[in-house]
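Hi,

Here is the structure I promised to pass on. Please have a look at it first; my notes follow below.

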Amino acid sequence: DKIKVGLLFGGRSGEHEVSINSARSILQAFNYPENLDKYAVIPFYIDKNGCWHSAATARQILTSGQPLAIEREIKVNIWQFPTEVSEIEVWFPILHGPNGEDGTLQGLLTLMRVAFVGSGVLGSCLGMDKIAMKTAFAAAGLPQVKYKAITRSQVWSNACVFPQLCDQIAEEIGYPCFIKPANLGSSVGISKARNLQELEAALDSAASYDRRIIVEAGVTAREIECAVLGNDNPQASLVGEITFDSDFYDYETKYTDGRSSMVIPANIPDKIANQVREMAVEAFKAVDAAGLSRVDFFYVEKTGEVLINEINTLPGFTNFSMYPQLWKATSLEFDKLVDKLVQLALERQEK
Ligand code: ATP
Ligand code: MG
Ligand code: MG
Ligand code: MG
């Protein structure tokens, strides 16, 4: 009998469209003969309100590539799951960002007691919250930029506290610095500040996205990424480099065709590439990730230093995304990768 896989996509995050594209590529991979023999895929779509839709609607979304239009926002979700949900033997969630990659959905799937691809609750939330992530990396001895954790209430405090906060940041972190909402992805809400005026605006902007904010020392570095695959004995792929012409790898650069490119394998010394791969596996273990993760690094060419930037526990997964491309270059084709991820999910399922 074929294993019933629930392909879960969409979701209540700014990366909804990316998720649709990732799911389209994954569905294609399940249609390869060897996967077709093993798995029966049922897609489920989570709309921008967080409502779940049956296979019929999900298939339409995957065919059209267009999200379902939402008439009005729903404040409280009382779920009505499509009946097919009860048939699923293993879930393949491919939702990026908050409400998908951050442990909330993983909590729901854990309560359902059905196997799922990717990290569990702990790995997902440690991988999403950049402050908690950096604490875990520091505990594992992984080198990273200097940073400071801040809350929205500090930023939106009275006219007396806010200038003090900015002074502290200037003193402890300096310029340029990067200001980020702690729990987002795709560079949403991230700004670079070169002076006090930019810092003030950046903090205000980040505070509009998240209660938790992180300020990091800016580095001038090449951006290297590594894919990790596995459970308790994870393996690292070849490493790749992202190149682009803008000031930093911001949202527009990420999602505008031709603004950035991937170089695989990265043209860096073997010694550095190996160091990146080791650090990627360490980072994966440090947050208790499972299944898959893409780990992002800064390579400071001048000093030869490698700093970890972040881990993404549900990275972009279209045919053209870095994660599957890195595995392809490491001799694991997209369809085999998808099969492997499902097998890893089943292996992890509680007995
Ligand atoms: P992703 O889409 O990879 O999940 P993200 O939203 O989690 O991205 P980061 O990877 O933390 O965001 O940062 C986005 C980009 O901003 C980086 O790729 C890099 O170009 C730039 N950047 C972030 N932090 C720093 C830093 N400390 N120094 C220099 N550049 C930085
Ligand atoms: Mg990220
Ligand atoms: Mg991300
Ligand atoms: Mg990143």
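Let me start at the metal site: asparagine 312 is buried, with a relative accessible area of 11% (buried means under 20% relative accessible area, exposed over 50% and partly exposed in between, with a 1.4 Å probe and protein chains only). Glutamate 310 is buried too, with a relative accessible area of 11%.

Some housekeeping before I go on. This is a predicted model, in which local features need pLDDT of at least 70 and side-chain atom pairs count only at pLDDT 80 or more, while totals for chains, interfaces and linings use all residues. Residues are numbered from 1 along each chain as its sequence is written, chains are lettered from A and ligands numbered from 1 in the order in which they are written, and side-chain values use heavy atoms, leaving out hydrogens and water.

Back to the metals. Glu310 (OE), Glu310 (OE) and Asn312 (OD1) coordinate the magnesium ion (ligand 2) at 2.1 to 2.4 Å. Donors here are N, O and S atoms within 2.8 Å of the metal (3.2 Å for Na, K and Ca); water is not among the atoms, so sites may look incomplete. Asparagine 312 coordinates both the magnesium ion (ligand 2) and the magnesium ion (ligand 3), which are 3.3 Å apart. For the magnesium ion (ligand 4), the protein donors are Asp296 (OD) and Glu310 (OE), 2.0 to 2.4 Å from it. Aspartate 296 sits in strand β13 (residues 291–300) and glutamate 310 in strand β14 (residues 305–312), so the pair ties together parts that are 14 residues apart in sequence. Helices (H or I, at least four residues) and strands (E, at least two) are DSSP runs, numbered from the N terminus.

Strand β13 turns up again around helix α12 (residues 322–329), where Met322, Tyr323, Pro324, Leu326 and Trp327 are buried. These buried residues pack against β13, β10 (222–230), β11 (235–244), β12 (260–263) and α13 (334–348), with contact meaning heavy atoms within 4.5 Å. After α12 comes serine 331, whose phi is positive, near 70 degrees.

As for the whole protein, there are 13 helices and 14 strands, and buried residues make up 53% of the 351 residues. Among contacts between residues at least 6 apart in sequence, 70% join residues at least 24 apart. The C-alpha atoms fill a box of roughly 65 × 50 × 40 Å along the principal axes.

Best wishes
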